[in-house]
Amino acid sequence: MTRLDLLIIAASAVSSVSLCWLVFAVLTDGVGWLLFWVVAYFVFLAIYFVASYDRVGWLAAVDRVVTVAVGSAMVVVLIPLVWLVSYIVVKGIVALRPAFFVHDQRGVTPTMPATAGGGLHAIIGTIEQVGLALLWSLPLGAATAFFLNESRSKLRRPVRIFVDAMSGMPSIVSGLFIYATLIIPLAKYNDLFSFNGFMASLALSMTMMPTICRAIEVVLRLVPNGLREAGLALGASRAKVVLSVVLPTASTGVATAAILGIAREAGETAPLLFTAFGYNLMNANPFHGPQESLPLFIYRFVRTQSTADIQRGYAGALVLLMLILSLFIVARIIGRDRSVANKRSFRLRLPSRSPEPETPERKLISSTSRRSGTVTAAGGS
């Protein structure tokens with residue numbers, strides 16, 4: 001946009017606010033501030049469309065109005081996100097110290113400051129529980145995605161309906177399911193089925209698996225059918241084509257789907273209330289005894305009346321936020337488009353060709369080519 005376009009946008013906004021103020025504050029009894037700004041925004045779009053239509057015509061005016069509307073929607077979404085992240089950073093940075101990553105809550109009393117103790121036990125619990133959940137979910141999710149996209153079975157439709165239903169299932173249902181089917185009837189016979197990180201990983205995998213499955217299925221749809229047809233034309237079986245052609249092509253997308261699944265489940269709290277149960281001290285064995293995690297750590301401390309405990313909870317929220325942000329950054333790096341970078345690096349690797357020395361043979365070839373070109377041009381004319 002030019003400077004004149006920006007001035008038109010600003011003038012349209014001022015005109016809209018002035019008109020709405022005249023209507024709602026002077027000519028009528030007025031409305032609430034929310035309705036005022038909503039009406040003012042739509043009046044602004046109308047004024048900006050009329051001004052743009054007078055300058056550049058119908059198509060360009062529609063394009064500019066839609067551009068402004070999309071930019072406004074981006075700002076509306078970005079404001080609460082920035083506010084939430086800033087609030088967690090401001091609240092959590094008070095109690096976040098390097099000791100938070102090396103100590104647990106052993107020996108910490110309510111009278112101690114927020115910087116006492118740490119959340120190492122919660123970090124270890126989150127890593128172990130989400131890692132085990134990924135261990136169960138990634139093979140099942142990838143196999144289901146390949147089945148839905150590569151096979152021609154009649155069971156694809158019911159399986160897809162089942163995966164879609166699991167995608168919309170509340171996470172607390174998975175925790176209640178593990179609690180009712182495994183913990184209650186089997187905990188008295190074997191400690192493996194009592195409150196521990198293993199049960200938490202099973203509950204997390206129930207919501208992680210459909211997320212990974214849908215992400216991998218989207219990636220598989222982007223693999224060109226020509227690659228599959230070429231493999232089948234060479235006599236390979238469909239399974240061989242999937243393993244040797246489709247899977248290596250979609251490997252980046254599979255890795256991205258796994259990281260997105262981890263980021264999706266790292267912040268789940270509801271399933272852990274009925275499975276991991278939580279524990280304020282270090283328990284590095286996910287198969288025996290209650291185990292803490294960052295979501296449970298946050299949930300436990302922000303509900304107390306102690307100011308120091310609340311600050312510890314915000315410190316855990318800040319660590320969890322940084323962990324999920326790091327995972328999303330890794331997913332974007334893995335899933336980025338490498339075609340432009342590969343072309344650029346290929347150009348940089350090309351050797352510079354120095355002019356070859358002029359030899360009698362090259363002189364004879366060049367003179368012959370020039371004569372033939374002259375004869376051809378003369379014959380054509």
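# Helices, cores and a few odd spots

Trainee: At roughly what angle do the axes of H4 and H5 cross?

Mentor: Take the approach of the axes before the angle: H4 and helix H5 (residues 156-167) come within 10 Å. Bear in mind that this is a predicted model. The crossing angle of the two axes is roughly 135 degrees.

Trainee: Are H4 and H5 roughly antiparallel or oblique to each other?

Mentor: Start from the roughly 135 degrees between their axes. Roughly antiparallel would need an angle over 145 degrees, and 65 to 115 would be roughly perpendicular. H4 and H5 fit neither class, so the word for the pair is oblique.

Trainee: And how many nonpolar residues does the contact of H4 with H5 have?

Mentor: H4 passes H5 in a left-handed crossing. On the H4 side you've got Thr144, Phe147 and Leu148, and they meet Arg156, Val159, Arg160 and Val163 of H5. Sorted by class, the contact has one polar and two charged residues, and the nonpolar ones number four.

Trainee: Staying in H4, is glutamine 129 buried or exposed?

Mentor: Glutamine 129 sits in helix H4. Sequence neighbours within four places aside, its contacts include Gly197, Ala200, Leu204, Leu272 and Gln291. Its relative accessibility is 1%, and the cut-off to be under is 20%. Glutamine 129 therefore counts as buried.

Trainee: Isoleucine 124 is in H4 too; how far apart in space are isoleucine 124 and asparagine 285, C-alpha to C-alpha?

Mentor: Isoleucine 124 counts as partly exposed, at 25% relative accessibility. In sequence, isoleucine 124 and asparagine 285 are 161 residues apart. C-alpha to C-alpha, their separation in space is 9.8 Å.

Trainee: Zooming out, what share of contacts between residues at least 6 apart in sequence join residues at least 24 apart?

Mentor: The protein has 15 helices and zero strands. Of its 381 residues, 34% count as buried. For contacts between residues at least 6 apart in sequence, the share joining residues at least 24 apart is 68%.

Trainee: Which residues of the largest nonpolar core touch the most other members?

Mentor: That core has 50 residues, and the ones touching the most other members are Phe100, Ile216 and Leu220. H4 (120-150), H7 (197-221), H9 (238-249), H10 (251-265), H12 and H13 each supply at least two residues of the core. Another core lies apart from it, with eight residues, including Met169 and Ile183. Back in the largest core, the names you asked for are Phe100, Ile216 and Leu220.

Trainee: Which residue of H12 is phenylalanine 100 in contact with?

Mentor: Leave out sequence neighbours within four places, and the contacts of phenylalanine 100 include Gly117, Leu120 and Ile123. Arg312, Ala315, Gly316 and Val319 are also among them. The one from H12 is Phe297.

Trainee: So are H12 and H13 roughly parallel or roughly antiparallel?

Mentor: The axes of H12 (residues 294-302) and H13 (residues 307-334) come within 7 Å and cross at roughly 155 degrees. The cut-off for the label is over 145 degrees. H12 and H13 are therefore roughly antiparallel.

Trainee: How many charged residues are in the contact of H12 with H13?

Mentor: H12 passes H13 in a left-handed crossing. Residues making the contact include Leu294, Phe297 and Phe301 of H12, with Asp309, Arg312 and Tyr314 among those of H13. Eleven residues of the contact are nonpolar and two are polar, while the charged ones number two.

Trainee: Which helices do the buried residues of H12 pack against?

Mentor: The buried set in H12 is Leu294, Pro295, Leu296, Phe297, Ile298 and Phe301. In general, nonpolar side chains in soluble globular proteins tend to be buried together. Here the buried residues of H12 pack against H4, H11 (270-273) and H13.

Trainee: Just after H12, is arginine 303 buried or exposed?

Mentor: Arginine 303 is in the loop between H12 and H13. Its C-alpha lies 8.8 Å from that of glycine 313, ten residues away along the chain. With a relative accessible area of 55%, over the 50% cut-off, arginine 303 is exposed.

Trainee: Last one: which residue has a positive phi although it is not a glycine?

Mentor: Look in the loop between H11 and H12. The residue there is partly exposed, with a relative accessible area of 48%, and its phi is about 75 degrees. That's phenylalanine 277.

Definitions and conventions:
Residues numbered from 1 in each chain as written. Predicted model: local features only at pLDDT ≥ 70, side-chain atom pairs only at ≥ 80, totals over all residues. Heavy atoms only, no water. Axes fitted to C-alpha atoms, helices over the stretch in contact; angles between N-to-C directions. Helix = DSSP H or I, 4+ residues; strand = E, 2+ residues; numbered from the N terminus. Parallel < 35°, antiparallel > 145°, perpendicular 65-115°, else oblique. Left-handed = near helix turned anticlockwise from the far one by under 90°. Contact = heavy atoms within 4.5 Å. Nonpolar A, V, L, I, M, F, W, Y, C, P; charged D, E, K, R; others polar. Core = buried A, V, L, I, M, F, W, Y, C linked by side-chain atoms within 4.5 Å. Buried < 20%, exposed > 50% of the residue type's maximum accessible area, 1.4 Å probe, protein only.
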